[in-house]
Every structure is written in structure tokens, then in C-alpha cells.
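Please look through the sequence and the model below before reading on. The paragraphs that follow take up covalent links and helices in turn.

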Amino acid sequence: MRQSLISSAALIGAAQALNYTCTPSAIQAVLPKGANVNFAHPVATNGTFETPNGDTGYPNSPPNLPALCAASIQVKSVDNTTFGFGIFLPEEWNGRFLAVGNGGFAGGINYLDMAAGVRYGFAAISTDTGHNSTNSNGTWAYNQPGNVENWGHLAMHGSVVVGKEITAAYYEQNVTYSYYSGCSTGGRQGLKEAEYYPEDFDGIVAGAPAWWTSHLQPWTLRIALYNLPTTADYHIPAALFSTLNAEVIKQCDPQDGVVDNIISDPQGCNFQPTTLLCGSSSTANASSCLTGPQLDTVYNIFSDYVGENNTFIFPSFYLGSEGQPIFFSGNAPNALGTGYVQYFLGKGPQWNFTDYNDDIVALSDAINPGNATVGFDLSRFHAKGGKIMSYHGMADPLIPTGSTPYFYDHVTRTLKPQGINVDEFFKYFLVPGMGHCSGTQTSMNAPWYFAGGNQQVALANDIYSVPGFEDEEHDVLKAMMAWVEEGRVPEYIIATKYINDTTHDKVLRQRPLCIYPKQAKYTGEGDVDDAAKWECKALY
């Protein structure tokens with residue numbers, strides 16, 4: 001792997017006390033060679049930080065902030081590239097440091113998630129990963145290996161190193177604990193930090209991690225092609241996926257002992273799609289049934305992607321994810337797949353998705369753009385004493401839920417022969433009914449909120465923790481802090497569903513999210529929307 005141009009050793013002796021001085025010149029004075037201030041200015045209590053024009057990936061401005069110093073830094077990196085990061089330094093600092101993640105191919109500084117972190121009292125940073133783009137735009141990667149390496153891992157690590165030095169100088173003391181929170185690409189960034197840079201963080205919260213980049217992006221193409229072209233007899237129109245979703249819920253909902261439209265055990269459901277088979281040719285295009293060829297498509301999208309010689313390539317969707325058919329609603333695959341092949345693998349903008357075959361996976365493995373795919377050997381993070389909590393929505397329509405158990409299983413296969421008990425430092429939980437990182441289908445109304453990566457801004461752009469439940473039982477970041485700092489091992493996180501997904505309304509329901517290998521089961525007595533009426537039971 002390529003190394004960051006910024007290292008802790010290079011910064012020793014560079015820091016001077018800033019004495020809470022929030023000016024460009026004061027912050028520039030503590031930066032290493034190759035790093036420069038873009039801006040630095042204070043934000044008053046209850047003020048709004050105005051996100052700079054041109055932050056394409058994260059253009060929204062966070063309001064109602066605590067008093068803080070806001071700064072942006074640009075750092076030289078490999079191949080004459082640079083990366084940038086933003087930092088919020090609150091007046092009322094809790095002594096800790098937090099980095100937040102990005103999403104998809106997006107470039108830009110995630111000031112909204114930084115704001116969510118700074119409300120806890122963290123000094124918070126976000127990197128732009130070395131470029132500026134929307135979530136699905138990968139054109140910046142074409143023939144630019146330095147840019148891709150920054151996105152893959154260099155920008156996050158370099159931003160953390162410099163960000164910690166700024167923080168130490170600003171407050172005249174080193175950070176006591178360092179944390180990370182992100183989802184999707186953000187989840188991958190956190191796990192990559194654990195693999196490559198174990199000293200950066202004490203605790204990592206990694207949601208729906210896109211850790212297997214070299215296979216996930218080709219799979220994004222493959223899964224869409226099962227339902228294309230739209231003129232094929234096996235094509236399922238987007239409108240019919242709601243019919244499919246309703247039948248999946250009908251068959252798979254009762255597994256946890258409660259019929260509430262929430263699928264808690266999709267892996268334990270013996271789904272029979274033939275119940276949707278049309279009765280005659282005259283109803284083949286009806287909105288309430290599927291033809292035989294369409295049922296073949298259903299089988300494909302719920303089956304693992306396996307290549308030649310029975311080679312496993314990527315896991316399938318969980319039952320319940322079809323309620324948001326993001327990859328099946330257009331005339332072409334999602335740009336996260338096509339753009340990856342065109343720009344990350346160098347096939348060029350002229351490459352057409354109809355030319356896809358399994359050779360693309362082999363090419364992707366050979367190139368491994370940006371060294372973004374996360375390896376299974378997390379032994380150095382374990383040796384350092386670091387902790388990881390990962391999670392994944394069971395109804396995720398973008399990254400198949402099974403990819404997280406797959407990663408955990410392979411970390412276990414790697415570390416157990418070394419005498420390492422993975423459960424001592426790495427835990428994960430699955431979230432029934434939750435989509436990608438946040439939210440839930442209206443057909444389910446499942447509890448999904450626990451202050452994970454990207455979640456606070458999905459609920460509101462100015463809240464703190466879990467409104468009304470600001471504790472380690474309900475807040476995954478606080479649970480991580482309790483594990484790292486107090487040794488209180490998390491056994492579950494309680495998820496909350498607010499009516500209309502707004503804190504201005506009451507709580508609809510709460511439910512425990514059990515740490516693997518346990519699963520929440522209803523006790524059989526009392527209000528099913530009360531988390532206390534559920535218990536975590538072992539799956540085996």
C-alpha cells in the first residue's frame with residue numbers, strides 16, 4: 001500500500017499552543033509542511049456554519065451549533081494530489097476526537113455529520129477524500145490513481161493525524177480518546193482504518209460497511225442485469241416490487257412471534273415466491289402477480305452471486321430489501337456499478353454495461369483500486385486494544401446485509417488461529433426493517449434510529465444523540481464510549497422509531513437490537529412496542 005505523506009512523527013514538535021485562537025494564521029502555525037489553511041473562523045452559540053459553495057457531496061449547512069472554531073485544511077498527498085478536511089473545535093470540549101465518514105464515491109466535507117458529533121463535545125473532522133463529486137459520480141477516478149488512493153484510505157488517515165495535532169494545540173492537551181463513526185463507504189473507511197492504521201482510533205462504529213469494494217461494485221451491475229432489459233419477459237416493473245414486498249412480509253413477518261410487518265429473521269424464512277404466480281396468461285401483466293420468468297428473476301436477486309468453479313463473489317439481498325428497488329427501477333444499472341468499471345477500472349466512458357461478464361470481477365481484484373477493499377487481518381487493532389461495533393439494516397437495498405456477517409466470519413477465520421477471540425473487540429448487530437444506514441419502509445415502520453453514522457441528520461439537522469434517550473442503551477456512539485472507557489460490554493442497542501420520523505412527534509415503538517449471535521424475541525406478554533417486552537436470545 002502507498003503511505004500517507006503525513007505521519008505523526010513528522011508532526012512532533014510542530015504544535016504550538018493556540019490558546020483557543022481561531023484564525024487562519026494561528027492554525028497555519030501548527031501545521032506541517034505541505035498543509036495549508038483554507039479558512040478558520042469562530043461560530044457563535046446557536047449559529048449556522050455556512051458550508052462553502054462548491055461542496056458538491058455535502059452542500060447543506062448545519063444550524064444551531066454550539067460555540068466552536070471551524071477550519072478547513074488542504075494537505076499535499078501522493079502523485080501531486082491533495083486532500084482536504086474540515087474540523088470543528090467546540091468551546092466546551094469533552095477531551096475526545098471524532099472522525100466521521102463519507103458515502104459512495106462522494107467527495108466533499110461532511111459538515112452535517114461533523115455537527116452531529118460536535119454536539120457531544122467532540123472535536124470533529126471529516127475529509128473530502130481528495131476530490132469533489134456527488135455520491136454516484138466516479139469520473140474523477142479515471143486514470144487518476146492518486147485520487148483513488150486518497151479516496152481508498154490516505155485522505156482519512158492523513159486528516160486524522162493532522163486533525164489530532166490541531167486539536168492538541170488548540171486546547172493545549174492531547175485527546176484522551178479517539179473515535180470514528182460512519183456508514184456505507186463511511187463504514188468501509190472505519191474498517192480500513194482498523195486494518196491499516198490501528199493507532200488512529202480507540203473505537204470504531206462502522207455501519208453497513210462497503211468493505212469489499214472490488215466485488216461490491218461489480219455485483220451492483222450483475223444484480224441489475226438480472227432484471228434488464230426492460231423489454232425482457234423476465235423483467236419485473238418497479239411497481240410490482242411492492243407486490244413482492246407485501247408477500248415477503250406476509251410470509252416472513254411471524255418468525256419472531258409477533259405479526260407487526262417487521263421481518264426480524266429473514267434468514268429463517270422459507271419464502272415461497274410461487275404464491276405470486278399468475279393464474280393465466282390474461283393476468284400476466286397484472287399488478288398482483290408474477291409470471292414464471294419473473295419468478296426466475298426473484299430467485300436470482302435473492303441468490304448469492306457465484307462465478308465459475310463455484311467461486312463465491314458476493315452475498316445476496318436479504319428478504320425484505322425489495323421494498324425499495326433502487327437497483328431495479330431504471331433502464332440501466334446504477335452508476336455506482338457502471339461508473340466503477342468505466343473510471344476506477346479504466347475501461348473508459350465508452351464502456352457499455354451490456355458487455356459485463358465475470359472477467360470484470362477478476363480485473364477488479366487485480367487492480368483493487370485505491371486499496372479500498374478491507375482485509376480480514378485486524379490483529380494489530382486488537383493488539384492496540386481497539387474496539388469495533390458494526391451494524392447493518394436487514395432491509396438494505398444498496399449493500400446486501402449478508403456482507404457484514406461474511407466479513408465478521410472471515411475476520412474470525414483469520415484471527416482465531418492466532419489465538420484471538422474476535423468477540424472481545426469486534427461486535428455487530430443487524431437492524432430489522434432498516435434500509436441503507438437509516439430509515440425504514442413505510443410498510444414496516446421498524447425502529448431504526450440509534451444515532452449511528454448519517455442517522456442524526458436523517459432525523460433532523462440540529463439534534464443531539466437520541467432525543468429523550470441520551471444514554472448508552474439507545475445511542476451506539478455512547479455505547480462505544482462506555483465499552484472503550486469503562487469496559488461496559490454492549491449486549492444490545494435499543495432502536496427508536498419516532499412517528500413520522502421526526503422528534504416533534506412521539507415515539508411509535510422501540511426494540512432491542514441484539515449483538516450477534518443473539519436475536520430479539522418477544523416475551524409473549526405486554527406491549528410489543530415496548531423494548532422491555534423483548535429479550536435477546538441466542539440463535540444457536
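What is the handedness of the link of cysteine 252 and cysteine 269? In this predicted model, the link is left-handed, with -70° about the S-S bond. The two sulfur atoms, of cysteine 252 and cysteine 269, are 2.1 Å apart. Cysteine 252 belongs to helix α7, whereas cysteine 269 sits in the loop between α7 and α8, and the two are 17 residues apart. Both ends are covered. Cysteine 252 counts as buried because its relative accessibility is 0%, under the 20% cut-off. Cysteine 269, at 11%, counts as buried on the same ground.

Helix α7, which holds cysteine 252, runs over residues 240–252. Its 13 residues should span 18 Å at 1.5 Å a residue, and the C-alpha atoms at its ends are 18 Å apart, so the expected and computed values agree. How many residues of α7 are buried? The count is 10 of 13, so that the helix is mostly covered. The buried set consists of Leu240, Phe241, Thr243, Leu244, Asn245, Glu247, Val248, Ile249, Gln251 and Cys252. An α-helix has 3.6 residues a turn, so residues three or four places apart point the same way. Part of the cover over the buried residues of α7 comes from α8 (292–301).

The link at the end of α7 is not alone, since a search of the whole structure finds 5 disulfides. Counting bonded cysteines along the chain, their pattern is 1-2, 3-8, 4-5, 6-7, 9-10. A disulfide is a covalent bond between the sulfur atoms of two cysteines.

Another of these disulfides joins cysteine 22 to cysteine 69, with 2.1 Å between the sulfur atoms. The torsion about this S-S bond is 80°, and the link of cysteine 22 and cysteine 69 is right-handed. Cysteine 22 lies in the loop between α1 (8–11) and α2 (24–28), and cysteine 69 lies in strand β2 (residues 68–76), so the bond ties together parts that are 47 residues apart in sequence. Cysteine 22 has 13% relative accessibility and therefore counts as buried. Cysteine 69 also counts as buried, at 1%.

A further disulfide is formed by cysteine 183 and cysteine 437, whose sulfur atoms are 2.1 Å apart. Its torsion about the S-S bond is about -100°, so this disulfide is left-handed. Cysteine 183 is in strand β6 (residues 177–183), and cysteine 437 is in the loop between β11 (426–431) and α13 (455–459); the pair links distant parts of the chain, 254 residues apart. With a relative accessible area of 1%, cysteine 183 is buried. Cysteine 437 counts as buried at 5% relative accessibility.

The last topic is a pair of helices. How do α6 and α9 lie, and what angle do their axes make? The axes of helix α6 (residues 213–225) and helix α9 (residues 335–344) come within 7 Å and cross at roughly 120°. That angle falls outside the ranges for roughly parallel, antiparallel or perpendicular, the last of which ends at 115 degrees, so α6 and α9 are oblique to each other. The crossing of α6 and α9 is left-handed. On the α6 side, the residues that meet α9 are Thr213, Ser214, Gln217, Pro218, Thr220 and Leu221. Their counterparts in α9 are Leu336, Gly337, Thr338, Tyr340 and Val341.

Notes. Residues numbered from 1 in each chain as written. Predicted model: local features only at pLDDT ≥ 70, side-chain atom pairs only at ≥ 80, totals over all residues. Heavy atoms only, no water. Helix = DSSP H or I, 4+ residues; strand = E, 2+ residues; numbered from the N terminus. Expected span 1.5 Å × (residues − 1). Buried < 20%, exposed > 50% of the residue type's maximum accessible area, 1.4 Å probe, protein only. Contact = heavy atoms within 4.5 Å. Disulfide = S-S within 2.5 Å. Axes fitted to C-alpha atoms, helices over the stretch in contact; angles between N-to-C directions. Parallel < 35°, antiparallel > 145°, perpendicular 65-115°, else oblique. Left-handed = near helix turned anticlockwise from the far one by under 90°.
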